[in-house]
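The following exercises ask the reader to work through a protein structure step by step. Each task is followed by its solution.

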Amino acid sequence: MKYRLEWNHKLKSNEKVQFSSEWVVGETAVQIGEELEASGKVTDLYFYDEKGTSWILKEMKKLLIEIEDDPHEITVYFDGGFLKETNQAGLGVVLFFRQGKKKYRIRSNERLDELVSNNEAEYAAFYYALTILEELGAHHLSCEFKGDSQGVLKQLEGEWPCYEETLNRWLDRIEEKMKTLGLEAKYTVISRKDNKEADKLATQALDGKEIFAKTLIL
């Protein structure tokens, strides 16, 4: 989750001028807020999250302590592969997140049987990513999903219609899971080149190589 600060700067004439910051991570937002208050020239200092919820500095510090051990600042890469000869799908997910002051990466894959197309494999990969987030305990926060399947992401955004019954069922499952987790989603379409790690995991799943690895990023 990122935060934006708004405050009034009091001039010598007692006139107040309003300022706002860029979007920054929670720890940086608190540091900026503390330095602003220490200047003695700031009034009406508020912190806003991406949902529009606001806090004062004292509340913001308490919030960061409460969420310190929860996964946050999550970015998910997903990809699906499909073998028409066997109707098997390979699902690949790479997930980056912070927990406390540390940053982690999870690489995971899974093979599914009896799917009907590569498009369905892409939806299944997205849903698989949500199950990993659920197991991590991620809930009620913002999360960015990145993939090279423009159809999946545009349909989840509501920009493109979906006419296939099978894919609509996946959409319903995904939206229900996201509602249960309370996720505020951002969807970003990327090139296959930028999604090569998730693609490799999907291919490895089709080859029968199961992977689940959690790595601390130094």
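**Exercise 1. The sheet**

Which residue of β9 is the bridge partner of T75, and how do the two strands concerned run?

*Solution.* The model examined here is a predicted one.

Step 1. The bridge partner of T75 in β9 is E144.

Step 2. Strand β6 (residues 72-83) and strand β9 (residues 142-147) are joined by four bridges, and the two strands run parallel.

Step 3. Helix α4 (residues 150-157) packs on the sheet and touches β6, β9 and β10. The direction of α4 makes about 145 degrees with that of β10.

Step 4. The sheet is open and consists of six strands in the order β10-β9-β6-β7-β8-β11. Its pairing is mixed. In general, the strands of a sheet pair through backbone hydrogen bonds, in either a parallel or an antiparallel manner.

Step 5. At the edges lie β10 (184-189) and β11 (212-217), each of which pairs on one side only. From one strand to the next, the twist averages 20 degrees.

**Exercise 2. Two helix pairs**

Describe how α3 packs with α5, and then how α1 packs with α2.

*Solution.* Step 1. Helix α3 (residues 118-136) and helix α5 (residues 165-181) have axes 10 Å apart and pack at an angle of about 15 degrees. An angle under 35 degrees counts as roughly parallel, and α3 and α5 are therefore roughly parallel to each other. Their crossing is left-handed.

Step 2. The contact involves, among others, Y123, F126, Y127 and L130 in α3, and W170, L171, I174 and M178 in α5. The residues of this contact divide into 11 nonpolar, two polar and four charged.

Step 3. For the second pair, the axes of helix α1 (residues 26-39) and helix α2 (residues 57-67) come within 10 Å and cross at roughly 150 degrees. Angles over 145 degrees count as roughly antiparallel, so α1 is roughly antiparallel to α2. The crossing of α1 and α2 is left-handed.

Step 4. From α1, the residues G26, E27, V30, G33, E34 and E37 make the contact, and from α2, L57, M60, K61 and L64. The residues of the contact of α1 with α2 comprise four nonpolar, two polar and four charged.

**Exercise 3. One glutamate**

Is E120 buried or exposed, and which residues does E120 contact beyond its neighbours within four places in sequence?

*Solution.* Step 1. E120 is placed in helix α3.

Step 2. The relative accessibility of E120 is 7%. The cut-off for a buried residue is under 20%, so E120 counts as buried.

Step 3. With neighbours within four places in sequence left aside, E120 is in contact with L115, T166, L167 and W170.

Step 4. V152 lies 32 residues from E120 along the chain, and the C-alpha atoms of the two residues are separated by 9.3 Å.

**Exercise 4. A helix and its cover**

Which residues of α6 are buried, and what does their cover include?

*Solution.* Step 1. In helix α6 (residues 196-206), the buried residues are A198, L201, A202, Q204, A205 and L206.

Step 2. The cover of these buried residues includes β6, β7 (88-99) and β8 (102-113).

Step 3. After α6 comes G208, with a positive phi near 85 degrees.

**Exercise 5. The whole protein**

Summarise the protein as a whole.

*Solution.* Step 1. The secondary structure comes to six helices and 11 strands.

Step 2. The C-alpha trace spans about 75 × 40 × 30 Å along its principal axes.

Step 3. Of the 218 residues, 45% count as buried.

Step 4. Among contacts between residues at least 6 apart in sequence, 68% join residues at least 24 apart.

Terms used: Residues numbered from 1 in each chain as written. Predicted model: local features only at pLDDT ≥ 70, side-chain atom pairs only at ≥ 80, totals over all residues. Heavy atoms only, no water. Axes fitted to C-alpha atoms, helices over the stretch in contact; angles between N-to-C directions. Parallel < 35°, antiparallel > 145°, perpendicular 65-115°, else oblique. Left-handed = near helix turned anticlockwise from the far one by under 90°. Contact = heavy atoms within 4.5 Å. Nonpolar A, V, L, I, M, F, W, Y, C, P; charged D, E, K, R; others polar. Pairing = 2+ DSSP bridges. Buried < 20%, exposed > 50% of the residue type's maximum accessible area, 1.4 Å probe, protein only.
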